[in-house]
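Student: Please take one part of this model and look at it closely, then relate it to some of the other helices. A single connected account would suit me best.

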Amino acid sequence: PRLTSSAWDARMEAAGELEALALSALSAQTKTSPRAVPRVSVFADDNAVVSLFDQLVPRLADGNAKVQTRALEAVTALVTALGDRAAPALSSLVPGLGGGVGSSNENTKAAASAAVDALTRRVSSHLLVQHVSHCVSYGSARSIPAMLDALTRVVASSFDEKPTLVSKYALPAAMSTLMNGKGAETKTAARALLKQLERKIGREPLLSHAAMRSAAAKAKLDEALAA
């Protein structure tokens, strides 16, 4: 209940308390079974993981920037500890982080960027492809450059293992941004993603994909790859 308190300081403290409780459980489990793959006993099933992040994700869009920042810091710590165990919560967590990286508050934006970095380091890339691609295609304009950067990293490390996922999700997101994205920062980030896709997929297959959309799309892609 304190996470939804009308007092911002109570919500901020509750985010920290939830983080501490989860990390304490993880630490206790690790000490009990030092050779085992770390697993938080209270998060033994997917529903428990979803429940944990369901409590935090609304605070990522809290009306108070200090609460937002503290919740993002908690997410960073929890994702770092849980790794792939965070996967069941990605459908709500990744969009929440996307909103944070688009924040006009510098502290919140920095905390969100750190959380996204933790996500791309600690969660297997193939688990992230669809969710990050969705944020690139449908996120707010302010968040798209940072999510494009994240998707570029995800593509680099996931393509060899799951090329079909990249072609299905990341490629359409890149092409959509190329055709509709606005702003120099977004265009630069989109070109970086497309060049990464070129390295992984090949120039001709990329151009063939664009040609299926339209001649204009093919010409624009050719221009972006040549830049």
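Tutor: In this predicted model, the buried residues of helix H3 are Val67, Gln68, Thr69, Ala71, Leu72, Ala74, Val75, Thr76, Ala77, Leu78, Val79 and Leu82. Helix H3 covers residues 65-82. At 1.5 Å a residue, its 18 residues should span 26 Å, and the end C-alpha atoms are 25 Å apart, which agrees. The N-terminal end of H3 is capped by Asn64, which places a side-chain oxygen 2.8 Å from the backbone nitrogen of Lys66. Just after H3, Gly83 has a positive phi of about 60 degrees.

Helix H7 can be followed through three of its residues. H7 runs over residues 144-158, and Leu151 lies in it. Leu151 has a relative accessible area of 0% and is therefore buried, the cut-off being under 20%. Setting aside residues up to four places away in sequence, Leu151 touches Val129, Val132, Ser133, Val136, Ala170, Ala173 and Leu193. Ala210 is 59 residues from Leu151 in sequence, and their C-alpha atoms are 19 Å apart in space.

Thr152 also lies in H7. Its relative accessibility is 13%, so Thr152 counts as buried. Apart from neighbours within four places in sequence, Thr152 is in contact with Ala189, Ala192, Leu193 and Gln196. Leu193 is thus a contact of Leu151 and of Thr152.

Ser158 belongs to H7 as well. With a relative accessible area of 1%, Ser158 is buried. Ser158 touches Ser125, His126, Val129, Pro163 and Val166, again without counting residues up to four places away in sequence. Val129 is among the residues touched by Leu151 and among those touched by Ser158.

Pro163 and Val166, touched by Ser158, fall in helix H8, residues 163-180. Two packed helices are described by the angle between their axes and the distance between the axes. H8 packs against helix H11, residues 215-226, at an angle of about 95 degrees, with the axes 10 Å apart. H8 is therefore roughly perpendicular to H11, since angles of 65 to 115 degrees count as such. On the H8 side the contact is made by Met175, Leu178 and Met179, and on the H11 side by Ala216, Ala217, Lys220, Leu221 and Ala224. Sorted by class, the contact of H8 with H11 has 7 nonpolar residues, no polar ones and 1 charged residue.

Key:
Residues numbered from 1 in each chain as written. Predicted model: local features only at pLDDT ≥ 70, side-chain atom pairs only at ≥ 80, totals over all residues. Heavy atoms only, no water. Helix = DSSP H or I, 4+ residues; strand = E, 2+ residues; numbered from the N terminus. Expected span 1.5 Å × (residues − 1). Buried < 20%, exposed > 50% of the residue type's maximum accessible area, 1.4 Å probe, protein only. Polar contact = N/O pair within 3.5 Å; in protein donor to acceptor, adjacent residues only side chain to side chain. Axes fitted to C-alpha atoms, helices over the stretch in contact; angles between N-to-C directions. Parallel < 35°, antiparallel > 145°, perpendicular 65-115°, else oblique. Contact = heavy atoms within 4.5 Å. Nonpolar A, V, L, I, M, F, W, Y, C, P; charged D, E, K, R; others polar.
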